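Dear colleague,

I am passing on the structure below, together with some notes on what came out of going through it. Please read the notes with the coordinates open beside you.

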Amino acid sequence: MDERAISQQQNAIRQDIIRQRRSLSHNDIQRRSLQIAQQVQQLDEFQNAETLALYLSVRGEVDTQALIDIAHANKKRVVVPKVQDTKLCFYRYDEDALQKGRFGILEPSSTKAFELSDIDIILMPLVAFDNNGHRIGMGGGYYDTTLAAYQNAHTPFRLGLGYAFQHKPLIKHHEWDINLHAIATENKIHRIKNDRKR
Ligand SMILES: Nc1ncnc2c1ncn2[C@@H]1O[C@H](COP(=O)(O)OP(=O)(O)OP(=O)(O)O)[C@@H](O)[C@H]1O
Ligand SMILES: [Mg+2]
């Protein structure tokens, strides 16, 4: 399968699932997000993490507010991404110092960036995921590009947050697609076999 055919398959899945995600009601998102937060809390990698990277949810994505509150209650440091050129940089989360960035997503206004090697676990949004931990995002390649540099160095545990309907058995992937170590959904954690090999 050539790169174009892979992109076409990914785009078809992306459009289909984004449509489904947008049809969720606010209450439905909140209910499911709390279930997902409960699953995440069971993970050793979450419990042991001192510094967590989280995202600020938009447009039907799994809501991360409960996890941010839990992390803070447990004295963990929370950092959130800001788009810089083609990459994400991570800054300490401060709810009183956020500003709208690209795509209308709230971003931290702090200027002290954290290195990815300082981050123990990175929780990321996804549009779709498969049995091997391959992930489709919104199509910007931001997570792929950001994580690419850390494939051989100290790499944070990569956890995707998604609804069960975002699971597809097998997604064709590009060379540059970075896979997930685990995915948390409403009713279970999908742990990927041979995880943390890179
Ligand atoms: N490591 C990389 N180096 C250079 N370009 C990259 C890299 N990773 C991704 N890209 C570019 O980003 C574009 C989008 O990638 P892709 O379709 O995998 O996005 P995505 O995984 O859905 O998005 P995201 O990671 O932002 O959630 C690709 O067409 C590719 O050109
Ligand atoms: Mg990708």
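Which residue stands opposite Leu161 in β10? Pro125 does, and with that pair in view I should say at once that this is a predicted model, so that everything below is computed from predicted coordinates.

The strands around β10

Strand β10 (residues 157-161) pairs with strand β7 (residues 121-125) in the parallel sense, over five bridges. β10 also pairs with strand β11 (residues 182-184), again in the parallel sense, over three bridges, and there the bridge partner of Leu159 is Ala182 in β11. Five of the five residues of β10 are buried, and the burial concerns both faces of the strand, with Phe157, Leu159 and Leu161 on one side and Arg158 and Gly160 on the other.

Helix α2

The 17 residues of α2 should span 24 Å at 1.5 Å a residue, and the end C-alpha atoms of the helix are 25 Å apart, which agrees. Buried in α2 are Arg32, Ser33, Ile36, Ala37 and Val40; because these residues cover an arc of only 150 degrees around the axis, they lie on the same side of α2. Asn27, Asp28 and Gln42, by contrast, are exposed on the other side of α2. The buried residues of α2 pack against α3 (44-48), α4, β10 and β11.

Helix α4

In helix α4 (residues 65-73), the buried residues are Leu67, Ile68 and Ala71, and since they fall within an arc of 105 degrees when seen down the axis of α4, they line one face of the helix. The face turned away from that buried side carries the exposed residues Asp69 and Ala73. The packing partners of the buried residues of α4 are α2 (26-42), β1 (51-53), β2 (77-84) and β7. Just after α4, Lys75 takes a positive phi of about 60 degrees, a point you may wish to look at in the model.

The surroundings of ligand 1

Of the 15 residues around ligand 1, those that come nearest are Gly137, Gly141, Tyr143, Asp144 and Ala148. Helix α5 (residues 142-148) gives the most to this shell, with five residues. By character, the shell around ligand 1 divides into six nonpolar, seven polar and two charged residues.

With best regards

How values were computed
Residues numbered from 1 in each chain as written. Chains lettered and ligands numbered in written order. Predicted model: local features only at pLDDT ≥ 70, side-chain atom pairs only at ≥ 80, totals over all residues. Near = placed C-beta within 6 Å. Helix = DSSP H or I, 4+ residues; strand = E, 2+ residues; numbered from the N terminus. Nonpolar A, V, L, I, M, F, W, Y, C, P; charged D, E, K, R; others polar. Buried ≥ 20, exposed ≤ 12 C-beta atoms within 10 Å, placed from the backbone. Pairing = 2+ DSSP bridges. Arc of directions from axis to C-beta. Contact = placed C-beta atoms within 7 Å. Expected span 1.5 Å × (residues − 1).
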